[in-house]
Amino acid sequence: MTKLQKTVQFTKDEPIVLLINNLGGVSQIEMGIIKSEAIKWCHQHNIKIARILCGSYMTSLDGHGISLTILRLFDSEILEFLDAPTSAPGWQRADKLGKAESAPSADKGQSITIQTSSKGAAFTKEQADLAKKCVTAVCNKMNSMESELNALDGAAGDGDCGSTFAHASKAITERMKTCELSSAQQLLFSIAEVFEQEVGGTGGALYALMLSAASEAFETSITSKDFATALQKASEAVQIYGGAKPGDRTLVDALHGAVEKIKSGESQWDTILESSTSVHKMAIYKGNLNSFHQMIKAPRMK
């Protein structure tokens with residue numbers, strides 16, 4: 001953004017239109033983070049964003065990268081053209097920045113700090129043993145699915161999802177061998193630290209933020225209601241920092257499905273987990289259906 005400012009030479013308080021273009025291989029979560037950082041930079045430099053466009057406008061096969069374009073508003077009529085309705089399938093409408101589009105700010109209480117230790121509600125010995133068994137079982141499952149997850153990721157990404165989770169699960173397993181679990185908060189903070197330090201990248205940061213946010217639910221107690229609150233906090237954190245929304249075919253779909261089921265009064269966790277899986281599958285189905293509709297509506301070359 002600094003290089004763009006020097007090249008385009010836009011000034012403070014000058015309204016601009018910002019286009020963040022996905023070259024084809026950047027995930028929605030990554031695009032959300034990039035969008036958030038761009039907005040934050042503009043706010044810090046008193047640059048007014050009149051409109052922002054974020055999506056795949058000009059792609060290069062599955063190129064993993066982005067391009068940033070700045071349009072200076074010499075004429076307010078330009079905004080009328082940008083806001084004009086269109087049926088072009090490849091054009092995503094420009095957004096006006098509102099409160100929901102503002103970058104996360106510590107002043108607004110949205111900043112999540114990853115901590116490595118906390119008191120929180122203390123585990124009983126039985127709870128600590130059960131928690132360690134549960135974490136170990138999840139890690140073993142992630143290890144066993146490494147090849148399958150890599151194959152699934154290879155169809156639309158770089159094919160390393162399984163390896164990433166396997167690496168994380170091994171690091172978590174090693175930590176569990178020497179870690180004395182004192183509370184649910186400490187457990188989640190410890191796992192978050194693994195994702196932040198051992199996994200890294202966008203995924204590592206996002207999971208670390210998600211787990212850290214979830215841990216806030218166990219400040220004073222460890223109950224089924226607290227687990228429900230933890231899921232909701234995790235879902236909110238992913239949406240704030242990742243930019244994905246329910247229906248975008250990301251992990252948000254599963255989290256959101258579970259949260260909505262709990263809000264409806266469901267208390268059986270088997271049913272809640274089944275619901276989250278069903279919601280995610282439906283999001284994938286709807287996404288594929290929308291893609292098909294766009295394809296058949298697109299004008300064909302003669």
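**A walk from Asn-46 to the aromatic rings**

Let's start with Asn-46: at a relative accessible area of 43%, this residue counts as partly exposed. Before going further, keep in mind that we are looking at a predicted model. Asn-46 sits in the loop between α2 (28-44) and β2. What makes the residue worth a look is its backbone: phi is positive, at about 55°, even though Asn-46 is not a glycine. For context, most residues other than glycine have a negative phi.

Now zoom out to the whole chain. How many helices and strands does the protein chain have? The secondary structure comes to 11 helices and 3 strands. Going along the sequence, the order reads α-β-α-β-β-α-α-α-α-α-α-α-α-α. Of the 302 residues in the protein chain, 36% are buried. Take the contacts between residues at least 6 apart in sequence: 71% of them join residues at least 24 apart.

Tyr-57 gives a local taste of that kind of contact. You'll find Tyr-57 in the loop between β2 (49-55) and β3 (66-72). Once neighbours within four places in sequence are set aside, Tyr-57 touches Leu-19, Ile-20, Asn-21 and Asn-22, along with Gly-90, Trp-91 and Gln-92. Take Leu-19 from that list: Tyr-57 and Leu-19 are 38 residues apart in sequence, while their C-alpha atoms are 9.1 Å apart in space.

Next, the helices. Two packed helices are described by the angle between their axes and the distance between the axes. For α6 and helix α7 (residues 184-199), the axes come within 10 Å and cross at roughly 135°. That angle falls short of the over-145 cut-off for roughly antiparallel, and α6 and α7 are therefore oblique to each other. The crossing of α6 past α7 is right-handed.

Which residues of α6 and α7 meet? On the α6 side they are Thr-164, Phe-165, His-167, Ala-168, Ala-171, Ile-172, Arg-175 and Met-176. Facing them from α7 are Leu-187, Ser-190, Ile-191, Glu-193, Val-194, Phe-195, Glu-198 and Val-199. Sorted by class, this contact has 10 nonpolar, 3 polar and 3 charged residues.

Phe-165 and Phe-195, both in that contact, turn up again when we look at rings. The structure holds 4 aromatic pairs. One of them joins Phe-165 and Tyr-207, with 5.5 Å centre to centre and 85° between the planes, an edge-to-face arrangement. Why does this pair tie together parts that are 42 residues apart in sequence? Because Phe-165 lies in helix α6 (residues 161-178) and Tyr-207 in helix α8 (residues 201-215). The two partners differ in accessibility class: Phe-165 counts as buried at 16% relative accessibility, whereas Tyr-207 counts as partly exposed at 23%.

Another edge-to-face pair is made by Phe-218 and Phe-227, because their planes stand at 70° with the ring centres 5.1 Å apart. Here, too, one ring belongs to a buried residue, Phe-218, with a relative accessible area of 3%. Its partner Phe-227 is partly exposed, at 43%.

One last stop brings back the α6 and α7 contact. Ring pairs link Phe-165, Phe-195 and Tyr-207 into a cluster. Phe-165 and Phe-195 are among the residues where α6 meets α7, and Tyr-207 comes from α8.

Terms used
Residues are numbered from 1 along each chain as its sequence is written. This is a predicted model: local features need pLDDT of at least 70, side-chain atom pairs count only at pLDDT 80 or more; totals for chains, interfaces and linings use all residues. Side-chain values use heavy atoms; hydrogens and water are left out. Rings of Phe, Tyr and Trp (its six-membered ring) pair if their centres lie within 6.5 Å; planes under 30 degrees apart count as stacked, over 60 as edge-to-face and the rest as tilted. Helices (H or I, at least four residues) and strands (E, at least two) are DSSP runs, numbered from the N terminus. Buried means under 20% relative accessible area, exposed over 50%, partly exposed in between (1.4 Å probe, protein chains only). Axes are lines fitted to C-alpha atoms, for helices over the stretch in contact, and angles run from 0 to 180 degrees between N-to-C directions. Angles under 35 degrees count as roughly parallel, over 145 as roughly antiparallel, 65 to 115 as roughly perpendicular and the rest as oblique. A crossing is left-handed if the near helix is turned anticlockwise from the far one by less than a right angle, and right-handed if clockwise. Contact means heavy atoms within 4.5 Å. Ala, Val, Leu, Ile, Met, Phe, Trp, Tyr, Cys and Pro count as nonpolar, Asp, Glu, Lys and Arg as charged, and the others, Gly among them, as polar.
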